[in-house]
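User: I'd like to learn how to read a protein model step by step. Could you walk me through one?

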Amino acid sequence: MKIVVLDGYTENPGDISWVPLEALGDVTVYDRTSYTESPLIAERIGDAQIAVINKTPISRETMDRCPNLQAIAVLATGYNVVDYGYAKEKGIPVMNVPVYGTDNVSQYAVGLLLEICSHIGYHDASVKKGDWQSNVDWCYWHYPLIEVSGKTAGIIGLGRIGVNTGKILKAMNMNVIAYDSYPSEAGRQVAEYVELDELLEKSDFIFLHCPLFPSTEGIINRDNIAKMKDGVVIVNNSRGQLVVEQDLADALNSGKVAAAALDVVSTEPIRADNPLLSAKNCIITPHISWATKDARQRIMNTTAENIRAFMDGAATNVVNQ
């Protein structure tokens, strides 16, 4: 079985091993191929039976040019880079990794909030450039420090990651409310379900943990921001397209939104003209909530299990059944 990995670097920059995949067949690994449609994608797949991708797109044109292709394994949960409907028509299962980073994505979300509230990184840099040595007082702070205890945190999307984030916030003595189209018993253990408008009106901190669907695309927009408290904080390490970025930038610059912390943007890598790059009080990190070594090893192991199951005739984690 020939297996080709088209964009393996973000999954494995060299600190884990491809051995779980190599045990299954003849494996060729490319660090990067293309993140946009390109003839190079089909050229590199060639006569391989299995293509393994992270963000390299697999279009119908690519599938038509690769008649030997039998399965596509995605090194992630999201699979929108694949024309999975056409893959289904051709009998090509698309397999993903549905669970691998619940704990670390929640950890990162709360870390983003705490950076906004405590400005640890900023003040560390300030001390190291000499501001404390030359200060007339025994301590100083350049931004207001925010206490989270007793505040209301609203979570939009209370799936596995949202529930896990809610547990952490609740342990920090926050009041947790949530909006989700499909309430669950696990969600009720950590949050009070409310309608979206109520969440927007009551929350001091808003976390986005929902998938990207037509109903959630642009859910943070000018109209919904107007319903929020003055001085709200927004945290998004889910999907960049959940936010209308110009609307959020405008709200940050006006002070309606006190701060935002984002690990995702609408186009990645971020474009130089993204309005959030110059917005006030906006932290942006390069989509790394998922990227602990432990989580990437789980991705590797699950992907290998997916391919093995496919080879055994009982494919698992198929998203285009």
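Analyst: We'll go from the overall fold to salt bridges and then to one loop residue. Keep in mind that this is a predicted model.

User: Let's begin with the fold. How many helices and strands are in the chain?

Analyst: The chain has 12 helices and 12 strands. Along the principal axes, its C-alpha atoms fill a box of roughly 70 × 45 × 35 Å.

User: What does the radius of gyration say about a chain with 321 residues?

Analyst: The idea is to set the value against what a compact globule would have. For 321 residues that would be near 20 Å, and the chain has 22 Å, so the two agree.

User: And what share of the residues is buried?

Analyst: Buried here means under 20% relative accessible area. By that cut-off, 48% of the 321 residues are buried. As for the outside, the accessible surface comes to about 15,500 Å², and carbon and sulfur atoms hold 51% of it.

User: How much of the contact map comes from residues 24 or more positions apart?

Analyst: Take the contacts with a separation of 6 or more: 60% of them are between residues 24 or more positions apart.

User: Now charges. How far apart are the mean positions of the positive and negative ones?

Analyst: You average the places of each sign and compare the two points. With 27 positive and 39 negative charges in the chain, the mean positions are 1 Å apart.

User: On to salt bridges. What qualifies as one, and how many are there?

Analyst: You look for a side-chain nitrogen of Lys or Arg within 4 Å of a carboxyl oxygen of Asp or Glu. That rule gives 13 salt bridges. One of them pairs Arg-60 with Asp-83, with N to O at 3.6 Å. Arg-60 sits in helix H3 (residues 60-65), while Asp-83 is in the loop between strand S4 (71-74) and helix H4 (84-89), so this pair, 23 residues apart, links distant parts of the chain.

User: Are Arg-60 and Asp-83 buried, partly exposed or exposed, and why?

Analyst: Arg-60 has 36% relative accessibility, so it counts as partly exposed. Asp-83 is partly exposed too, because its relative accessible area is 26%.

User: Where do Glu-198 and Lys-202 lie?

Analyst: Both are in helix H9 (residues 196-202), four residues apart, which is about one turn of the helix. Their side chains meet in a salt bridge of 2.6 Å, N to O. Glu-198 is partly exposed at 26% relative accessibility, and Lys-202 is partly exposed at 43%.

User: Which residue forms a salt bridge with Asp-273?

Analyst: That's Arg-271, with the closest N and O atoms 2.9 Å apart. Exposed means over 50%, so Asp-273 at 52% is exposed, whereas Arg-271 at 47% is partly exposed. Elsewhere, salt bridges that share partners join Arg-222, Asp-247 and Asp-250 into one network.

User: Last stop, a loop residue. Where is Val-264, and is Val-264 buried or exposed?

Analyst: Val-264 is placed in the loop between strand S11 (257-262) and strand S12 (282-284). A loop position doesn't settle burial by itself, so check the accessibility: at a relative accessible area of 3%, Val-264 is buried.

User: What does Val-264 touch, leaving out residues up to four places away in sequence?

Analyst: Its contacts are Asn-236, Asn-237, Ser-238, Arg-239, Gly-240, Thr-285 and His-287. You can also compare positions along the chain with positions in space: Val-264 and Gln-241 are 23 residues apart, and their C-alpha atoms are separated by 8.5 Å.

Conventions
Residues numbered from 1 in each chain as written. Predicted model: local features only at pLDDT ≥ 70, side-chain atom pairs only at ≥ 80, totals over all residues. Heavy atoms only, no water. Helix = DSSP H or I, 4+ residues; strand = E, 2+ residues; numbered from the N terminus. Buried < 20%, exposed > 50% of the residue type's maximum accessible area, 1.4 Å probe, protein only. Rg over C-alpha atoms; globule rule 2.2 N^0.38 Å. Contact = heavy atoms within 4.5 Å. Areas by Shrake-Rupley, 256 points an atom, 1.4 Å probe, with all protein chains shown as cover. Lys, Arg positive; Asp, Glu negative; His and termini not counted. Charge placed at Lys NZ, Arg CZ, Asp CG, Glu CD.
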